[in-house]
Amino acid sequence: MGIPGQEHLWDKEVKGHRTYNDIRIFTDEQLKNYTEEELKNFKPKHDTPMLDELEKGPWPSFVSDIKREALHRKKLAQDDMMIPRDVADDLLGQVELSYVEKETHWKHGGIVGVLGYGGGVVGRYSDQQAKFPGVAHFHTYRINQPGGKFYTTDWLRGFCDICEYRGSGITNMHGSTGDMVILGTTSDQLEPIFFDLTHDLGVDIGGSGGNLRTPSDCLGKARCEFACFDTMDMCYDMTMTYQDELHRPAFPYKFKFKFDGCPNGCVASIARSDCAFIGTWKDDIRINQEAVKEYIAGKIPRNGGEMTGRDWGAFNIQEEVIERCPTQCMNWDGNKISINNGECTRCMHCIDVMPEALRVGADQGLSLLFGAKAPILEGARLATLVIPFMYAKSPYDNIKAVVRKAIDWWTEEGKNRERIGELINRVGLGTFLDVLGIPAMPQMVKEPRSNAYMFFKESEVPGGWKRDIKDYRKRHPA
Amino acid sequence: MSKGKLGYFNPKKPMENRITDCGPQRYEQFLPPVIRKNYGKWVSHRILEPGLLMHVSETGDKVYTVRCGGARTMSVEHIREICDIADKHCGGYVRWTTRNNVEFITDSEEKAKALKKDLDARKFPAGSHKFPIGGTGFGITGIVHTQGWIHCHCPATDASGVVKSTADVLFEHFTDMKLPAKLRIALACCLNMCGAVHCSDIAILGYHRKPPIVDDKMIGGACEIPLVIAACPLYAIKPVTTPEGKKSVSVNYDKCMFCGNCYTMCAAMPLADSEGDCINILVGGKISNRITKPKFSKIVVAALPNNPPRWPEVTDTVKKIVDVYASDAKKYERIGDWTERIGWEKFFEKTGLPFTWHVIDDYRLAYDTLRTSTQFKFTEQAWAVSKTVGGI
Ligand code: SF4
Ligand code: SF4
């Protein structure tokens with residue numbers, strides 16, 4: 001897995017670990033090559049009166065930030081960068097033009113990439129190349145982010161140097177799917193960037209096109225008491241297991257894995273992934289009755305202190321917890337809280353309100369849902385619950401077997417640009433259950449069908465479907 | 001790292017020394033020591049003040065996290081400043097959240113407080129915060145978004161600019177926790193919804209309103225015509241032969257819903273148009289399973305003007321919705337829970353937003369969203385209908 005023997009290369013706790021100094025491109029003088037005063041007085045290459053309006057107001061201004069990059073590049077020697085120095089300046093210029101004309105000036109796609117891979121780089125060209133030569137070629141590079149988006153500064157600074165030396169110095173932290181994104185580089189730099197990333201930073205690029213897209217996770221057990229499985233370990237493991245599918249397009253369309261540690265769903269897997277792994281438990285919510293009393297006494301702020309900005313009055317456990325429980329499975333007798341766990345749907349409300357008194361159960365695993373997506377093509381979908389519970393322990397063979405069946409079937413049956421959720425919709429969830437070899441359960445539906453048009457299989461009907469009209473006519477002369 | 005045009009890459013032997021399929025970096029090495037030590041051992045958490053989280057482990061350890069907002073379009077100069085801060089206060093570790101926030105993790109409250117002071121003081125020369133502290137609890141957090149005019153070929157609006165303008169207007173809700181529940185905002189600059197905004201409390205969605213223009217000269221060379229025809233969900237595209245005898249396509253304008261699927265398949269069918277492109281607002285979606293089930297966002301405003309550089313019509317509308325929600329919802333109610341309780345007619349009455357025919361679904365399965373009941377509340381918009389037909 002990964003680069004063998006290098007799993008701890010960047011680990012500051014391990015002696016002899018790699019540091020920024022081992023791989024850096026820029027010297028300290030090059031990095032600190034302008035003063036605050038110069039930045040204040042900096043005149044970018046193009047006038048951008050409209051964008052300048054976006055320097056006002058309290059929220060961090062991406063315009064101010066890009067200007068800062070433009071100044072830094074301006075003060076580096078052109079030899080210190082492999083793509084045009086003006087790229088940040090010309091980006092501002094082109095975006096200003098879009099602000100004036102209210103239309104984009106990026107051309108449609110273009111197939112670029114690195115050898116042996118069919119994804120991870122998105123081609124982009126300006127349609128105003130004469131005016132803004134710095135961004136004539138402005139391809140995006142997607143880089144597979146680490147689990148939980150944790151970084152060391154040594155590694156990040158290395159990433160920054162590559163971005164600036166071989167790209168525009170502008171990034172997305174992070175792209176919508178989760179990747180780190182280098183925004184803007186030229187075709188001749190794609191291979192050198194790939195070599196630097198893999199050799200020096202030990203990181204691979206992400207997915208695009210009809211591939212597995214870069215999987216992503218919530219930070220899970222790293223810093224959250226709600227996490228019911230090790231999201232970061234499982235995300236890493238699945239990413240490695242599916243490297244081929246991530247880099248070499250063999251799918252009808254995109255496919256996303258997302259790993260949420262609990263039903264609160266911080267990575268939005270239920271809305272955004274073809275295959276959503278959501279942590280859950282199957283025993284009882286753990287209760288600390290003493291802490292419940294402290295909530296009632298006002299010694300612990302409700303909802304983890306998340307609502308202290310307004311005076312909501314004294315905490316009322318009956319109204320705020322017991323009566324808001326969607327299944328009405330809780331009781332407060334004035335002294336003790338009790339939960340009828342067989343009726344609980346693990347919605348997280350009571351636990352969110354009193355995280356120091358209630359804890360998710362200890363017998364933990366995950367639910368598996370399929371088919372979420374944004375509108376293109378057949379409309380937006382949320383994921384459908386298919387498998388209620390599976391233990392999720394490394395190496396996750398039980399789960400991988402299910403996922404493999406689903407993906408193989410979709411690869412075989414899916415039409416061009418049909419997501420798995422759309423395929424399931426087209427052929428029916430029942431067919432998908434057959435593919436997975438699982439029985440139906442009421443948990444898969446909100447309610448049984450009200451639409452009375454039904455299908456049956458021939459094998460289910462006594463005597464099958466072939467009948468002889470002569471027999472029929474013996475009983476019913478025409 | 002390598003230097004020079006080609007770096008380590010040798011075009012004559014491109015496969016030499018190539019490392020492939022190595023995947024992401026192993027995450028353990030990037031975890032601060034206190035996180036490693038307490039991995040899987042966390043028992044509870046508390047938000048001490050906006051932007052300051054405390055997590056408690058069964059070992060007795062506590063970690064203090066300072067969260068601050070970030071524009072997702074970020075220069076390496078900015079990331080280097082983040083690294084400087086992390087080196088100074090956090091032993092060289094830092095992380096990002098799924099909503100573009102930056103988190104600095106420390107092992108003591110004093111360190112966290114010192115860090116907050118440091119972050120607060122850092123501003124861009126023109127005055128905006130570099131690291132606004134907040135994004136926790138019952139308020140708004142980072143607005144997730146797509147590329148827009150900074151990098152995308154099919155947007156109906158910009159992304160970063162609309163988000164910056166909206167975040168400015170709602171800034172007090174980023175730095176405080178005074179809303180009835182969490183409020184999650186997302187923007188997508190076209191229907192592709194790279195940002196998957198379809199389950200957000202408030203979604204801002206760029207939308208085209210003119211059918212594609214067919215570039216007859218280009219289409220034959222650039223596109224597979226059968227694929228273009230098949231791309232249209234409404235079967236609006238037909239093959240034609242131009243008077244010059246070239247193979248091309250025509251679009252049935254009456255069927256087109258401006259989705260851009262054809263443009264995704266074929267560069268010769270652009271949709272963008274400075275007059276036509278607009279912004280729609282959706283509300284009431286969520287992804288959490290808390291109390292109620294996850295739900296889609298619903299379109300409540302169609303065709304606000306696409307008005308750079310600060311999109312006042314959009315930010316006014318969003319602010320109005322947030323203000324009414326903040327004053328009217330009960331605690332723990334997300335926007336979607338609130339609208340379900342009061343009814344959509346009351347949502348439109350309270351917000352004063354016009355209800356137009358555009359927001360009544362007329363696509364497949366539209367029937368699912370029509371009201372088949374005599375249970376409704378009377379509002380001005382109801383009287384208007386009755387008056388039109390002489391009912392009152
Ligand atoms: S998790 Fe939800 S359903 Fe279960 S007891 Fe708590 S509030 Fe009720
Ligand atoms: S924009 Fe959509 S509906 Fe219109 S022609 Fe293209 S694919 Fe068809």
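These are my notebook entries on the ligand shells, the aromatic rings and the chain interface of a predicted model.

**Entry 1, ligand shells.** I started with ligand 1 and listed the residues around ligand 1, which number 14. Those that come nearest are Cys325(A), Cys344(A), Cys347(A), Met348(A) and Cys350(A). Sorted by class, I have ten nonpolar, three polar and one charged residues in this shell. I then did the same for ligand 2, where the list holds 13 residues. Here Cys232(B), Cys256(B), Cys259(B), Gly260(B) and Cys262(B) come nearest. The shell of ligand 2 divides into eleven nonpolar and two polar residues, with no charged one.

**Entry 2, aromatic pairs.** I searched the whole structure for ring pairs and got 34 over all chains. I looked up Phe347(B) and Phe348(B) among them: the ring centres are 5.3 Å apart and the planes stand at 90°, so I logged the pair as edge-to-face, the class for angles over 60 degrees. I checked burial for these two as well, and both Phe347(B) and Phe348(B) are buried. Next I took Phe378(B) and Trp383(B), which form a stacked pair with 4.7 Å from centre to centre and 5° between the planes. Trp383(B) has a relative accessible area of 31%, so I put this residue down as partly exposed. In chain A, I traced a cluster linked by ring pairs, made up of Tyr242(A), Phe251(A), Phe255(A), Phe257(A), Phe259(A), Phe277(A) and Trp410(A).

**Entry 3, charges over rings.** I noted two cases. Arg95(B) lies over the face of Phe150(A), at 5.2 Å from the ring centre, with the charge in chain B and the ring in chain A. Within chain B, Lys130(B) lies over the face of Phe124(B), and the distance to the ring centre is 5.6 Å.

**Entry 4, interface of chain B and chain A.** Which residues of chain B lose the most area to chain A? I took the totals before answering. I counted 143 residues of chain B in contact with 164 residues of chain A. The buried area between the two chains comes to about 13,800 Å², and carbon and sulfur atoms give 57% of that area. In chain B, the residues that lose the most are Met1(B), Trp149(B) and His151(B), and together they account for 6% of what that side buries. For charged contacts, I found 17 salt bridges across this interface. I also looked up the salt bridge of Arg46(B) with Glu356(A), in which the closest N and O atoms are 2.7 Å apart.

How values were computed
Residues numbered from 1 in each chain as written. Chains lettered and ligands numbered in written order. Predicted model: local features only at pLDDT ≥ 70, side-chain atom pairs only at ≥ 80, totals over all residues. Heavy atoms only, no water. Near = heavy atom within 4 Å. Nonpolar A, V, L, I, M, F, W, Y, C, P; charged D, E, K, R; others polar. Phe/Tyr/Trp six-rings, centres within 6.5 Å; stacked < 30°, edge-to-face > 60°. Buried < 20%, exposed > 50% of the residue type's maximum accessible area, 1.4 Å probe, protein only. Lys NZ or Arg CZ within 6 Å of the ring centre and 35° of its normal. Contact = heavy atoms within 4.5 Å. Buried area = accessible area lost by both parts, 1.4 Å probe. Salt bridge = Lys/Arg side-chain N within 4 Å of Asp/Glu carboxyl O.
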